[in-house]
Amino acid sequence: MRAVVYKGPFKVAVEQVPDPKIQHPNDVIVHITSSCICGSDLHMYEGRTAAQPGIVFGHENMGIVEEVGPGVATLRKGDRVVMPFNVACGFCKNCERGFTGFCLTVNPGFAGGAYGYVAMGPYTGGQAEYLRVPFADFNALKLPKGTEHEEDFALLADIFPTGYHGTELAQVSPGESVAVFGAGPVGAMAAYSALIRGAAQVYVVDRVPERLQKMKEIGAIPIDFSKGDPVQQIRNMHGGDGVDKGIDAVGYQAVEPGKETEAPATVLDAIVQIVNPTGILGIPGLYVPTDPGGVDPHAKQGRLLIPFGKLFEKGLRLGTGQCNVKRYNRYLRDLIIAGRAKPSFIVSHNTPLNDAPTAYEKFDKRIEGYTKVILKP
Ligand SMILES: NC(=O)c1ccc[n+]([C@@H]2O[C@H](COP(=O)([O-])OP(=O)(O)OC[C@H]3O[C@@H](n4cnc5c(N)ncnc54)[C@H](O)[C@@H]3O)[C@@H](O)[C@H]2O)c1
Ligand SMILES: [Zn+2]
Ligand SMILES: [Zn+2]
């Protein structure tokens, strides 16, 4: 089959790789209809991780069940399904409590597994024609037959649940004010989720004009950090006050406002400042244990300079980590089916799988409006 293969920094190619096979009675093989490119794929694409050439990318996968292992109870050939980017068993101590992003079974020696991702286990990615789904009864979420909501459902694999996870970590409640940093797909979905949860004001900080414009269209308040300190801008617009909740949807590749340089602690610093005492910070943005290729000397050692004393003084709480997609995706699917959510407003491109090299290049440069790309095998 054809698949998107990582060749080295800033290079992917569409190549022939072996078709996946049923390896365990609870596996299914899915014929992929959509696999999105994610901001997280860019961490590998840019050569900032230990990912070795040869890895097949793709953790945001949707398709039609093609082949069913003999132990599968709930799925049949022809079922339309979307898979959480997490590979999880469903029965370990963490899965049992809903922490499927930290499954203890699927990736020995590490809590958590994913498709097509460095250090996340032996699971080949789905930017390909076919995908093997382990523990399929648990991992494949069934969708209504047909092709309705195709783009909305594709986002259930990662970023809609991940944005929602940001609001869950921050416990966003009706009437609250929220500051979301980052208007990429994850930040956009966090802002959208905060509005769905009834937040009164949702400020979204970024500097990419099209991304900020989208946020305005959904009813959030765009803040352009290239025009000045975002913390001060939010305060000015919020009657001089801070906000109830803060969400970091940027992660360690944050750009220092006013400069072009990377400053991995800048967003954490800003949300500690902008969130009012007793507030909560939700941090779905990715931070890595060490960043040897990074520019910040502390981050190279896996340390960040953040105002921890201020965080303590304010009595702030925070939540971090991979999204437990399985915990939310059924409910978010049903919001889509009910017509109460339409996350596909962030999809910018549907692209044939064969054009993945160009799509990666443009998405990486964040040019020509490349915001969220769905690859079609
Ligand atoms: N926790 C999870 O399970 C999970 C899942 C998916 C993605 N992620 C992570 O979430 C983060 C965002 O993902 P994405 O796909 O939206 O990425 P993205 O790179 O498309 O978006 C990040 C946005 O942040 C903006 N930005 C940069 N510096 C900023 C600053 N100082 N203040 C405000 N905005 C700033 C950029 O302009 C960009 O638009 C990444 O770190 C990604 O790895 C986490
Ligand atoms: Zn993703
Ligand atoms: Zn598990």
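**Note on the two zinc sites**

1. The zinc ion (ligand 3) is held by the protein donors Cys 89 (SG), Cys 92 (SG), Cys 95 (SG) and Cys 103 (SG), which lie 2.3 to 2.4 Å from it. Donors here are N, O and S atoms within 2.8 Å of the metal (3.2 Å for Na, K and Ca), and sites may look incomplete because water is not among the atoms.

2. This is a predicted model, in which local features need pLDDT of at least 70 and side-chain atom pairs count only at pLDDT 80 or more, while totals for chains, interfaces and linings use all residues. Residues are numbered from 1 along each chain as its sequence is written, chains are lettered from A and ligands numbered from 1 in the order in which they are written, and side-chain values use heavy atoms, without hydrogens and water.

3. Around the zinc ion (ligand 3) the four donor atoms subtend angles of 102 to 117°, so the arrangement is tetrahedral (for four donors, all angles between 85 and 135 degrees).

4. The donor residues of the zinc ion (ligand 3) follow the sequence spacing C-x2-C-x2-C-x7-C. Cys 89, in the loop between strand E6 (86–87) and helix H2 (93–96), and Cys 103, in the loop between H2 and strand E7 (113–114), are 14 residues apart; helices (H or I, at least four residues) and strands (E, at least two) are DSSP runs, numbered from the N terminus.

5. The zinc ion (ligand 2) has the protein donors Cys 38 (SG), His 59 (NE2), Glu 60 (OE) and Asp 158 (OD), at 1.9 to 2.3 Å. Its four donor atoms subtend angles of 95 to 124°, which makes this arrangement tetrahedral.

Terms used:
Tetrahedral: all angles 85-135°; square planar, octahedral: opposite > 155°, others 65-115°.
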